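Work through the following exercises with the sequence and the model open beside you. Each task is followed by a solution that goes step by step.

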Amino acid sequence: MTHTSSHGMTVNDFGLDHAHWRNWVGNQSCVRAARAAPTSEDELCALIAEAAGKGMNVRVAGSGHSFTPVALTSGLHLTLANMKGVKHIDHDKRRVTAAAGTTINELVKVLKAEGLSMINQGDIDSQALAGALTTGTHGTGARLPVLADAIVGMKLVQPDGSILTVDESTPDLLLASRVSLGVLGAISEMTLQLRDSYNLRERIWREDFEAAMDMHDELAEKHRHFSFFWCPYEESRHCYCLPDTSATSKTGRTTDVCEMKVMDISDDQPFEAGFEKVAYSSDVYPIEYIANFHELEYAVPRQHGKDAMRAVRRLMLESFPEAIYPVEYRFTAGDKAWMSPFYQQDSVTVSVSGEPGKDYWDYLRAVDRILRDYGARPHWGKMHFLTGEDVTEIYPRANEFRALRRKLDPQGIYLNDHLSQLFR
Ligand SMILES: Cc1cc2nc3c(=O)[nH]c(=O)nc-3n(C[C@H](O)[C@H](O)[C@H](O)COP(=O)(O)OP(=O)(O)OC[C@H]3O[C@@H](n4cnc5c(N)ncnc54)[C@H](O)[C@@H]3O)c2cc1C
């Protein structure tokens, strides 16, 4: 079964007809022994307790938009496509509680009508709330943390089918579970901190690479959101469906250029003209992609951002001229979630993609080597080469997280091979 997000992206929501499951982009798949789409929290709990009793592993898929094997299992595979919707809105505190299978675009339609907005969003809005937030999904903004920083509560289904309630009265559990990839339990609902509804003014234009580097700090400080796509070649922008900004170009070049974007809160009425627009926040954040790339994205300490970007650019131009996909460059503030790639570290994110069907592994490994030297931490939902030892080295709270995971799930029913390697 498929449906289309508010921004035209086709999403496979994995009807239960087939034992075989694949993620959206098609680079990860599994054959499931059992599959189900519970319609209530009680049913979810019963399914999990029964599977655990039989010694089966359990994974919950969100919208399947991760490039890594995080949602795979050969055991019981669950989709929460029938557990959607807003359960409660607290207007005083500006908080929403929603079922974990609700997608971001489904949530924000309700928020818009209620005079509320998410604090920040990423490039797409078709992910399920639990799927997006617990992999450390982020947008851009030097003072804006990872989206999971907005989680103030959630319900975690334990292997025996009981519910563990996490909220501000359990601060360690909250910080551990915000970015936990479902290994601390299946999430049935989440409560998120919001803010009053706001409009964003977006402006996009093109700059020379070095001009973009010169403006890097100033734009990051001056604007709520700043990001760019570095496009090595003219055809690069087509790989990510980026618009042709030649009309707002500040350079005569069409290769080795940056497609710049800034967004700020605006009191102006909605309008759209050329490469500038004002609209409700969630109508501005997402862009449209088609499933034609395999992405790696690492968070680099902000002070090394420009050097890391220059090194990746040099690598691509000099050693991998066939790597034509743009590099996306964004900003995220540090936060306190134990397994957040931005844990106590203001960062930039550098993302590259390989082309499906091509052997891009040498290229991705070369990017990995460069970014590791700058102390980078990979996005859990995008391609990476981390081992368990690497996780221990780059995440100061990794062993506490693993100890908590073992306490909650001693049999490891919520692990698969990939997650065992990282978190057992
Ligand atoms: C086109 C595209 C654009 C993207 N843009 C961005 C971006 O701008 N910023 C960014 O940071 N990332 C981005 N991503 C990455 C994406 O946000 C993450 O991979 C996210 O995890 C995908 O959400 P999902 O709902 O598809 O989750 P899935 O990939 O299905 O699952 C992710 C993880 O969450 C777990 N999970 C899902 N639901 C539950 C639940 N109810 N209980 C327990 N565990 C659960 C899964 O088991 C898995 O471990 C993008 C990906 C794509 C394909």
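A cavity is a set of grid points where a 1.4 Å probe fits but cannot get out, and a residue counts as lining it when one of its atoms is within 4 Å of a point. Please keep in mind throughout that this is a predicted model.

**Exercise 1. Enclosed space**

Determine how many cavities of 30 Å³ or more a search of the whole structure finds, and describe what lines the second largest cavity.

Solution. Begin with the search of the whole structure, which finds three cavities of 30 Å³ or more. Next take the second largest cavity, whose volume is about 70 Å³. Its lining is made up of Gln-121, Gly-122, Asp-123, Gly-139, Thr-140, Ser-227, Lys-261, Met-263, Tyr-285, Glu-328 and Arg-330. Sorted by class, these lining residues are two nonpolar, five polar and four charged. Finally, ask which elements give two or more residues to this lining: they are β18 and β22 (327-333).

**Exercise 2. The largest pocket**

Describe the largest pocket by its volume, by the residues closest to its centre and by the classes of residue in its lining.

Solution. The volume comes first, and about 440 Å³ of space lies in this pocket. The lining consists of 24 residues, of which Glu-202, Ile-204, Pro-243, Lys-261 and Ile-287 are the closest to the centre. The elements that give two or more residues to the lining are β16 (199-208), β17 (225-231), β18 (257-266), β20 (276-280) and α7 (281-284). By class, the lining has twelve nonpolar, four polar and eight charged residues. Lys-261 deserves a second look, since this residue is listed in the pocket lining and also in the lining of the second largest cavity.

**Exercise 3. Cysteines**

Establish how many disulfides the structure holds, and check Cys-239 and Cys-258 individually.

Solution. The cut-off needed here is that the two cysteine sulfur atoms of a disulfide lie within 2.5 Å. The structure holds zero disulfides. For Cys-239, the nearest cysteine sulfur is that of Cys-231, at 8.4 Å. For Cys-258, the nearest cysteine sulfur is again that of Cys-231, at 7.9 Å. Turning to accessibility, Cys-239 is buried with a relative accessible area of 9%, and Cys-258 is buried with a relative accessible area of 0%.

**Exercise 4. Aromatic pairs**

Classify the ring pair of Tyr-329 and Phe-331 and that of Trp-380 and Tyr-395, and state whether the residues concerned are buried or exposed.

Solution. A pair of aromatic rings is described by the distance of the centres and the angle of the planes. Planes under 30 degrees apart count as stacked and those over 60 as edge-to-face, provided that the ring centres lie within 6.5 Å. By this rule the count comes to 17 aromatic pairs. In one of them, the ring centres of Tyr-329 and Phe-331 are 5.6 Å apart and the planes stand at 80 degrees, so this pair is edge-to-face. Tyr-329 counts as buried at 0% relative accessibility, and Phe-331 is buried as well, with a relative accessible area of 1%.

For Trp-380 and Tyr-395, the centres are 5.4 Å apart and the planes are at 25 degrees, so the pair is stacked. Trp-380 lies in the loop between β24 (377-378) and α10 (388-394), whereas Tyr-395 lies in the loop between α10 and α11 (398-408), so the pair ties together parts that are 15 residues apart in sequence. Trp-380 counts as buried at 1% relative accessibility, and Tyr-395 likewise counts as buried at 1%. To complete the picture, one aromatic cluster is formed by Phe-67, Phe-229, Tyr-240, Tyr-289, Phe-293 and Tyr-325.

**Exercise 5. Backbone angles in loops**

Locate Cys-241 and Gln-344, and compare their phi angles with what is usual.

Solution. Most residues other than glycine have a negative phi. Cys-241, however, has a positive phi of about 55 degrees, and its place is in the loop between α6 (236-239) and β18. This residue is partly exposed, with a relative accessible area of 38%. Gln-344 also has a positive phi, of about 50 degrees, and is found in the loop between β22 and β23 (347-354). At 59% relative accessibility, Gln-344 counts as exposed.

Notes. Residues numbered from 1 in each chain as written. Predicted model: local features only at pLDDT ≥ 70, side-chain atom pairs only at ≥ 80, totals over all residues. Heavy atoms only, no water. Buried < 20%, exposed > 50% of the residue type's maximum accessible area, 1.4 Å probe, protein only. 1 Å grid on protein atoms, 1.4 Å probe; cavity = no way out; pocket = protein on both sides within 12 Å on 5 of 7 lines; lining within 4 Å. Points joined across faces, edges and corners; volume = space filled by probe spheres on them. Helix = DSSP H or I, 4+ residues; strand = E, 2+ residues; numbered from the N terminus. Nonpolar A, V, L, I, M, F, W, Y, C, P; charged D, E, K, R; others polar. Phe/Tyr/Trp six-rings, centres within 6.5 Å; stacked < 30°, edge-to-face > 60°.
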